[in-house]
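Please open the model in your viewer and keep the sequence panel beside it. The stops below can be selected one after another.

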Amino acid sequence: YYQFVPNQFGRGLAKQQSEMVGVYFPYQPDSMFENAYTLELLKGIEKVLSACGYSMVLIGENLDYKSRKASEPKFLEFIRQKKIDGLILSGVSDEDQLKRIWQCMDEDYPIVYVGRKFHERGMNVYAQLETYMVEMLQVLYEKGHRRILFYTSSLHRIYLDSILKRAKETMGDLNIFPVEGADQDYPREMVLADLKEYVVKKGCTAICTSLMGT
């Protein structure tokens, strides 16, 4: 009669449940939509949450968050203010962010993260990145390549040692030259410099990468 429309945040405060789940990315918000993998990930998350009666809240992080006075990841604000009932994380590698996540897990806050399991609590979904990267190297190896330029992202650096170890176990005479240059902001000039260094000078005959934004 009075055309009253319930406020979801107000109802959440009353019920102590927002029916929203945060999805956190530790890099600039606009880069979320420039990556095919991220778009597929968001599509899958939204499909499952919607089927369960939840809404998705995207939480993007500016790269300069450490320079702010608060100096803490944005997802902590959403958790403290009870804006979300749980948190899904992707691509977190910063030590400060990981420490904050561990603290939330120690308090039994519901968290799901994409990547290798790094805490006894919380839930993780492992996307098998290491396996896929080793298989990519295997394909090049079987085609006769023995010196490979291997581009890795800063978000994936924590998997690099394991990838190199697994490749060495199955392809002993393979020489891999890892370069951290598969990020969205990696300059084209640096790619050209890498090609000159590793292809022309060091004799790499193939390039392997999971992500290249240039």
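In which strand does Ser90 lie? Select Ser90 in this predicted model, and you will find that Ser90 belongs to strand E3. With a relative accessibility of 8%, Ser90 counts as buried, because buried means under 20%. If you now show its contacts and set aside the neighbours within four places in sequence, the residues that touch Ser90 are Tyr24, Phe25, Pro26, Leu41 and Val114.

Next, go to the second largest pocket, where strand E3 (86-90) appears again as one of the elements giving two or more residues to the lining. The volume of this second largest pocket is about 320 Å³, and 17 residues line it. To centre the view, select Val21, Leu49, Leu87, Ile88 and Val112, which are the lining residues that lie nearest the centre of the pocket. Besides strand E3, the elements that contribute two or more residues are helix H2 (36-51), strand E4 (111-114) and strand E5 (123-125). Which of the elements gives the most to the lining of the second largest pocket? Colour helix H2, since that helix gives the most, with four residues. If you colour the lining by residue class, 15 of the residues are nonpolar, one is polar and one is charged.

The following stops are salt bridges, of which the structure holds five. Begin with Arg121 and Asp108, whose side chains meet in a salt bridge with a distance of 3.2 Å from N to O. This pair links distant parts of the chain, 13 residues apart, with Arg121 in the loop between E4 and E5 and Asp108 in the loop between helix H4 (95-106) and E4. Switching on the surface helps here: Arg121 counts as partly exposed at 33% relative accessibility, whereas Asp108, at 57%, counts as exposed.

Move on to Arg166 and Glu130, which form a salt bridge in which the closest N and O atoms are 3.6 Å apart. Here the link runs between helices, with Arg166 in helix H6 (residues 157-170) and Glu130 in helix H5 (residues 129-142), 36 residues apart in the chain. Is Glu130 buried or exposed? Glu130 is buried, with a relative accessible area of 5%, while its partner Arg166 is partly exposed, with a relative accessible area of 31%.

For the last part of the tour, select helix H7, which comprises the 14 residues 188-201. At 1.5 Å a residue this helix should span 20 Å, and the distance of 19 Å between its end C-alpha atoms agrees with that expectation. Within H7, show the side chains of Val191, Asp194 and Tyr198, which are buried. An α-helix has 3.6 residues a turn, so residues three or four places apart point the same way. Now add strand E6 (147-152) and strand E7 (175-180) to the selection, as the buried residues of H7 pack against these strands.

Stay in this region and select Glu197 together with Lys202, whose side chains meet in another salt bridge, at 3.7 Å from N to O. Glu197 is partly exposed, with a relative accessible area of 30%, and Lys202 likewise counts as partly exposed, at 32% relative accessibility. Finish at Gly203, which follows H7 and has a positive phi, near 75°.

Conventions. Residues numbered from 1 in each chain as written. Predicted model: local features only at pLDDT ≥ 70, side-chain atom pairs only at ≥ 80, totals over all residues. Heavy atoms only, no water. Expected span 1.5 Å × (residues − 1). Buried < 20%, exposed > 50% of the residue type's maximum accessible area, 1.4 Å probe, protein only. Contact = heavy atoms within 4.5 Å. 1 Å grid on protein atoms, 1.4 Å probe; cavity = no way out; pocket = protein on both sides within 12 Å on 5 of 7 lines; lining within 4 Å. Points joined across faces, edges and corners; volume = space filled by probe spheres on them. Nonpolar A, V, L, I, M, F, W, Y, C, P; charged D, E, K, R; others polar. Salt bridge = Lys/Arg side-chain N within 4 Å of Asp/Glu carboxyl O.
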